[in-house]
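Please walk through the structure shown here, beginning with its strands and ending with its nonpolar cores.

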Amino acid sequence: MTELATTVWQGLAAAGLGAAEGWGVPPAVPGPMWIGLIPALPLLAVVLCTLCAIFKVKSKLPAWLTVGCLAASFVVTLLMYLNMSGSPMLSTAFTWIDVSWGSERSPRNLHANFGFYIDSLTCLWMLFVTGLATLIALYASEYMSHDVGKGYSRFFAAFSLFVFSMACLVMADNLILLYLGWEGVGLCSYLLIGYFYKKPSAVAAAKKAFIMNRIGDLGLALGIFLIFVKFGTVEYAKLFADGAFKEMLGHAMTGTSESWAKIPWDVKLIPILLMVGAFGKSAQFPLYVWLPDAMEGPTPVSALIHAATMVTAGVFLIARTYAVFQLSPSALTIVAIIGTVTALLAATIGMAQFDIKRIMAYSTVSQLGYMFAGLGVMTSVGACFHVFTHAFFKALLFLACGAVMHGFAGQLDLRKLSGVGKMPGWRIVGITMLVGCLNLAGFPLLAGFWSKDMILAQAFITPGMGLVGWVLLLTAGLTAYYTFRVYFRVFVGPQEHHPGDEAHGHDDHDAHGHGGHGHDDHGHAKADHKHEAHDFHPHPPGWAINLVLVVLAAASFAIIPLTFMGKHGGWVGDMVSHSSAAWSAPGEHHDDHAGHSHAAGDTHSHAGESSRSHDEEKLGTFLGMDPHAVMYYVSGVVGLIGIGVAYRLHLQGRTSAATSRADALLPMLGPIPKWAQNKWYVDEFYHFLFVRPLWVLSHIFHLIDRMLVDGLVNLAGILPRALGATIRPSQSGQLHGYAVAMAGGIGVLLLIVLLVAR
């Protein structure tokens, strides 16, 4: 790992990219106080929903209050974006932490306001966080209508608290407030994933998410502590302007072993610790196993967590502190490798699942791997661009799957649904699902195509990262395959449907939740169909669900013009380039003598163009060609091949929902399909390696506590009690008893005197 990191940095230095040329964050200027309304409005929704629960409101009022507050927060976010200038803005709500200690010669101070650091990266994140949260809340107003009453209020209170926590995380002007929001989204994920608290699997999934996130959170906390110890501040503005920090950054950008030696080892440890926190929150290997299980929560929760908020927090953390990650020679290399491994591993698992929501969950894990790989290969623009596009089309995919689940009594098994998009009332769901699938598959010219292409091209360009590029390209083909495996099996083909368990009295909104997916723990279809409801009629979604799906589909197309608005990376690229995440990735901003840019998105570049500068020739290529010029065609062809294979295996010639041509190929692959269906037994491995030993160890400690610790305490109490019990009869209050005791005592004394005298 260290050798690869050294190779990458030496390659960058050899290509003339060793200096942090142009990096620097302008000094922050005071910002308006009304910016505080962005997190305050979701918090107001929490209070209002709590009052609705207290007063036992049995209408959709909590939903409308939540939608109204979140929509108002989005409007304020839009105003914040429109009021942005070239410099970051600082807006303080109130003084939070201000502690001083030490002597006059060496004073120390920990200062962290409840304040907000507003730059273009903040605006970018908050625009899609508040916008998508508003749409998902509107969707949930219909989806959760079965639970109108106390549970309805509880759901929207936790939903609003989630958005408030995410706003604190993104808008924070210091790492302490970021950590507060970080822990807040972890708490809210526990509440929302475990919403059906009477359902054991939902409770287990909530606990799993909470515990796995605590592992990453420990790394983040240690990283924050170390930043304060080494630089004396946790505020972004002061950290980025710190002289010692800039000096170390200069040493890092030189890229030589002598310059790296000038950076203390504990400073190099900071990015590693922050990276652990990011891996936990954004579900990267090996801390990814909680995210697929989060499907136990209601579908709006899945869309909120997987698309717009919690899982993007890790990407945001690295983007916000991107300069800090340059202080370690191996941190970004590890990020790239772990992201690539996660992307491929999750894609292989997603290919073998039958639960359509779980497939989309593994797709999220895989796409997050793409984002981390983008950060690791030095394209913060590509990573943030993919976050932005993915937020819209992944929310669309989850909500479309949720509409199917809602209308077919909880059915999610792709072997029990077919031709849904052609059924009356389901055409909008089918069309919008197609839009989401095309984006996820990276279909040419759609938003998902542009953002994924940037990461792929940069992986081939960055020295030492060619293998990462090839693995990501393979993963792109697998993504297109499993995405359209879902679409071809569920939404087109012969019309057939079998209701889920909720049609038989197992209502998803009581103790059982959305758990009846019609398959066993290994993903195999249950053979017992005695409860099959032949008279079941699916109910199409209402206006709220359809409206949200249409808006998200339209937004997926509206993003496309943003790709061409500006320089590298379009509008998103401009937003990132004016923030603390700005970084000149290899090959992104190198112009030839004629002034023509070779950046991604430059349609005037050609594969055979030989006008690359001397420095650019030291960068990587794709089979001898400029990756930014040819990756459009390569990734497009790979995506089309994946779609074509899915069409051949899962649509062509299919006569029923349960079977397809792919079934004939499974015996040829041996045990691999079963291993993939069982998620490569990673959960079982963790259970064997960590859970079971900890369970045994906890019982041993329990016995030690009960027998030794409590035993000593109990013994100290038993001895005086035993002594008191022994002498208690002598104090009975009976005179004849005292007389007998006195006579006996005199007799004993006389006996002693006689024995002594003799």
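**Sheet and cores**

Strands β2 and β3 make up a hairpin, with four residues lying between them. The model is a predicted one, and the hairpin is a convenient place to start. The two strands run antiparallel and are joined by 11 bridges. One point of reference along this pairing is D98, whose bridge partner in β3 is H111.

The hairpin belongs to an open sheet of three strands, ordered β1-β2-β3, with mixed pairing. Strands β1 (29-30) and β3 (107-118) are at the edges and have a single partner strand each, so one side of each has no neighbour in the sheet. The parallel part of the pairing is between β1 and β2 (residues 89-102), which are joined by two bridges. Here P30 has L90 as its bridge partner in β2.

The cores come next. In soluble globular proteins, nonpolar side chains tend to be buried together. In this model the largest nonpolar core has 210 residues, and the members that touch the most others are W125 and M433. The biggest contribution to this core comes from helix α18 (residues 380-407), which supplies 19 residues.

Which residues is M433 in contact with, once its neighbours within four places in sequence are left aside? They are M360, L397, A400, C401, V486, Y487 and F491.

Separate from this is a second core, made up of 20 residues, with A336, Y370, A459 and L472 among them.

Technical notes: Residues numbered from 1 in each chain as written. Predicted model: local features only at pLDDT ≥ 70, side-chain atom pairs only at ≥ 80, totals over all residues. Heavy atoms only, no water. Core = buried A, V, L, I, M, F, W, Y, C linked by side-chain atoms within 4.5 Å. Buried < 20%, exposed > 50% of the residue type's maximum accessible area, 1.4 Å probe, protein only. Contact = heavy atoms within 4.5 Å. Pairing = 2+ DSSP bridges.
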